[in-house]
Amino acid sequence: MSRVSLRPHVAAALAGCLLTCSAIAADPGATEVSAATSPRPRVGLVLAGGGAKGGAHVGVLKVLEDMHVPIDCIAGTSMGALVGGGYASGIPADGLETFVVGIDWKTVVGGAGQRDLQTIEQKRAGATYSNDIEMGLRDKRVILPAGILNTSNIEDLLRSYVAASRLQGDFDKLPIPYRAVATDMISGKMVVLKDGDLATAMRASMAIPGAFAPVMTEQYILSDGGMVRNIPVDVARNLCADVVIVVNLVEQELQREKLQTATQLILRSSDVGIMANENLQLESLTDRDIRIDVIMGDITTTDFERVPETIPLGEKAAREMAANLAPLAVPEAEYHTWRASVTAGQNIETRLADVQYKGMERVNPEYLAGRAQVKSGDKVDTATISAEAQRMSALPEFESVEYRLTGDPGGPTLEWWPQEKTYGPNYLKFDLGLYGSEGGDLGFVVYAKHTRTWVNSLGAEWRNEVQLGYFNNLSTSFYQPLDVNQRFFVEPKAIFTRSWEDVFYDNERLATYKFSDLGGTVDLGANLSDNAQVRLGYLYTRRKATVETGSQILPEDERVDAGLTMSATFDSRDTPFNPTRGIAAAMEYAYVDESLGAELDWERLELGIGMAVPVRNDVVWMTLAGGTDLDSEIPPDRYFMLGGPGSFPGFELGELRLTDYWTASGSYLWKFKDLMSIRGQALYAGVRLEAGQVFGRLEQLVSPAFDDSEMIYGGSVYMTGRTQAGPLTLGVGMTSTDSWSLWIAVGRPIGHGTILERGIFR
């Protein structure tokens with residue numbers, strides 16, 4: 001027989017009867033606690049799932065505390081499991097309010113700030129602009145990830161939220177007994193989580209299928225509990241409740257006109273299933289139970305940035321039920337005794353005896369130890385451990401990062417358990433891009449990339465890229481770090497490129513040329529930080545230029561270009577397209593010489609820098625770029641190309657071909673429409689002013705008397721932003737040379753004429 005002690009508030013009420021009170025017995029193995037001897041019914045709190053709407057639960061808890069209503073047990077689903085888990089852990093309502101209101105949902109759900117933690121090689125690898133989907137390749141099959149959204153930030157949030165309570169594996173022994181509800185995707189049945197890692201239990205209950213990866217155990221594949229029990233009344237009754245307080249989150253009635261399309265009906269079908277299981281539970285309520293309906297208005301499940309608005313709605317709904325709640329209240333002194341007995345802080349402060357990395361099959365633990373900022377012997381708290389978890393989860397090899405404190409509580413061992421991506425180590429990404437202008441430019445590209453990670457213990461990667469369309473590219477490289485910390489590396493690369501480019505004479509499109517390159521590079525480099533890298537290499541390529549249509553303006557040529565290259569990169573932007581803060585800078589230098597295997601001698605140096613500065617909700621974007629042939633005899637087919645929205649709006653793509661140039665521009669972007677704020681998707685209206693000077697224009701080859709040096713000024717107005725279909729830009733630009741261009745660009749950027757359109761700027 002197990003003996004269960006009386007709750008403190010009951011003990012206070014029965015102080016005069018303790019000498020005659022008998023022990024409370026429970027059946028062996030049962031979790032229910034008898035309340036037969038209690039003069040007050042035991043109260044079970046049931047918190048419904050509802051995503052962003054679940055912030056209303058905090059408002060209800062504030063009223064229950066004001067009315068001195070103790071809670072004996074809690075059962076919750078999804079967001080109800082999150083709020084309920086915190087309250088069961090000992091966090092009072094005001095602490096929950098501070099936590100919930102303080103959540104940065106753009107970071108937790110949208111991934112904002114993740115790029116700040118990436119390595120420079122991750123940033124140099126570039127983005128797939130039209131989508132965020134990464135797939136795996138295994139046994140000749142393409143494998144999709146289990147969830148579209150990265151869950152690392154959510155998991156870290158939950159671990160920090162209940163850090164101390166994670167050390168208690170039995171949810172009956174939390175300050176308030178607790179249950180979370182999840183769905184087993186194998187059997188389709190409800191799973192009531194009553195022990196284990198509290199943060200993991202909450203995460204399982206919140207794992208919306210398709211959006212978030214499920215929680216895998218030896219027995220179950222656990223996803224959102226709302227599919228089977230969004231309002232777990234029966235779970236609370238089985239746990240302890242004589243009386244149930246149910247917090248029901250009610251959205252406004254759906255209008256017929258919003259149920260017309262296939263997409264609307266498909267999305268609605270999941271809501272219908274949840275409503276059906278909710279109704280069954282609500283119908284089980286008795287006259288003793290209390291149902292608090294929180295009317296959510298137009299706040300929906302996904303409106304996470306409106307969570308602070310939901311708390312007053314919960315308060316209002318609970319106060320309207322004050323008369324029903326009053327019989328469950330206890331005297332003030334008794335309540336404060338109870339509140340003190342169940343209140344517990346969640347922060348952890350300790351000095352680590354050791355730090356270990358476990359559970360990985362591919363990633364070298366020494367690499368993680370080398371990057372770590374938390375070391376053995378360090379004094380740490382919850383925030384320090386959380387920051388380390390975020391840095392680790394930003395690495396591309398992991399889909400989540402867990403940690404445990406084991407051993408002596410006075411000097412524990414911090415165990416890291418990073419979860420390698422189940423669909424790795426071969427990864428695939430795909431991208432699309434479209435560009436068109438009123439002047440006749442039309443470009444379309446299809447892009448694919450394959451990466452095989454951790455080929456060896458130093459973290460070598462085999463990288464393959466294919467791009468077809470306006471600019472064709474086929475390349476394969478082997479990135480080999482030379483030390484376990486991956487500071488130094490070597491990367492041999494084989495390349496084949498082919499492009500069809502228009503050639504202009506004095507703003508007139510006169511010919512189309514085909515340019516082909518077949519060859520390779522070998523780079524030796526150093527990663528100076530997560531934002532900076534330098535490379536020194538050797539280039540060998542066979543270059544062929546032939547006229548396809550129109551007049552022969554450039555010489556038709558086939559030759560070998562070979563020589564030394566040097567590049568440097570710096571990138572601290574928050575996103576590669578339309579950044580709202582940060583700096584990108586790059587330098588490229590090529591020294592081509594006969595002594596190194598070339599057929600001609602020439603040099604080329606180009607530099608570019610861009611800076612994004614936030615101004616309230618708007619952005620100022622400034623660029624400076626320049627290129628020179630260093631007074632060498634650079635071949636015309638290697639000239640710099642200026643023109644297009646990426647380098648100089650108002651000109652067509654590559655309209656100006658020249659040996660030397662500089663440009664400076666400033667843009668102001670007004671945010672006028674949030675599309676999906678939590679994902680950083682918004683539209684901006686932009687104004688851009690630009691000035692530059694060009695030298696050695698191609699036209700001088702045809703007409704030596706042509707003035708090849710001039711100052712050019714330009715301006716453009718445009719709309720741009722990150723959308724669900726990828727980057728979108730629509731604009732018109734004019735220049736002081738009487739040229740103008742109207743353009744639209746969607747997805748992957750097209751154009752590679754200057755450094756502002758290549759590499760780190762893409």
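User: Among the elements of the chain, which strand has the lowest mean pLDDT and which the highest?
Analyst: This is a predicted model, in which local features need pLDDT of at least 70, side-chain atom pairs count only at pLDDT 80 or more, and totals for chains, interfaces and linings use all residues. Residues are numbered from 1 along each chain as its sequence is written, and side-chain values use heavy atoms, with hydrogens and water left out. pLDDT is the predictor's confidence in each residue, from 0 to 100, while helices (H or I, at least four residues) and strands (E, at least two) are DSSP runs numbered from the N terminus. The lowest mean, 30, belongs to strand β1 (residues 2-3), and the highest, 98, to strand β3 (residues 43-47).

User: Over which residues does pLDDT stay under 50?
Analyst: The mean pLDDT of the chain is 90, and 93% of its residues reach 70 or more. Where pLDDT is low, the predicted coordinates should not be read in detail. That caution concerns a segment for which the model has 47 contacts (heavy atoms within 4.5 Å) beyond four places in sequence, namely residues 1-37.

User: Which residues have the most contacts inside the largest nonpolar core?
Analyst: A nonpolar core is a set of buried Ala, Val, Leu, Ile, Met, Phe, Trp, Tyr and Cys residues joined through side-chain atoms within 4.5 Å. Buried means under 20% relative accessible area, exposed over 50%, and partly exposed in between (1.4 Å probe, protein chains only). The largest core has 73 residues, and those with the most contacts inside it are Tyr178 and Ile245.

User: Which residues does isoleucine 245 touch, not counting residues up to four places away in sequence?
Analyst: In soluble globular proteins, nonpolar side chains tend to be buried together. With residues up to four places away set aside, isoleucine 245 touches Val43, Gly44, Leu45, Val46, Leu64, Val69, Ile290, Ile292, Leu325 and Leu328.

User: How many residues of helix α2 are buried?
Analyst: Helix α2 spans residues 56-66 and is mostly covered. Its buried residues include His57, Lys62 and Glu65 as well as Val58, Leu61 and Leu64. The count is 10 of its 11 residues.

User: Which element gives the largest share of the nonpolar patch?
Analyst: Patches are made of residues with over 30% relative accessible area and no salt bridge (a side-chain nitrogen of Lys or Arg within 4 Å of a carboxyl oxygen of Asp or Glu); like charges are joined within 9 Å and nonpolar side chains (Val, Leu, Ile, Met, Phe, Trp, Tyr) within 5 Å. Here Leu432, Leu434, Leu442, Phe444, Val446, Val466, Leu468 and Leu474 form a nonpolar patch on the surface, with about 730 Å² of accessible area together. Two or more residues each come from β18 (426-437), β19 (442-452) and β20 (461-469). The largest share, 3 residues, is that of β19.

User: Is serine 78 buried or exposed?
Analyst: Serine 78 is found in the loop between β4 (73-77) and α3 (79-88). Although not a glycine, serine 78 has a positive phi of about 55 degrees. Because its relative accessibility is 9%, serine 78 counts as buried.

User: What is the relative accessible area of aspartate 631?
Analyst: Aspartate 631 lies in the loop between β28 (618-628) and β29 (640-642). Its phi is positive, near 60 degrees, in a residue other than glycine. Aspartate 631 is exposed, because its relative accessible area is 79%.

User: Which residues does a cis peptide bond join?
Analyst: Proline 425 lies in the loop between β17 (413-420) and β18. With omega at about 5 degrees, the cis peptide bond joins glycine 424 and proline 425.

Terms used
Accessible areas come from the Shrake-Rupley method with a 1.4 Å probe; for residues, only the protein chains shown count as cover.
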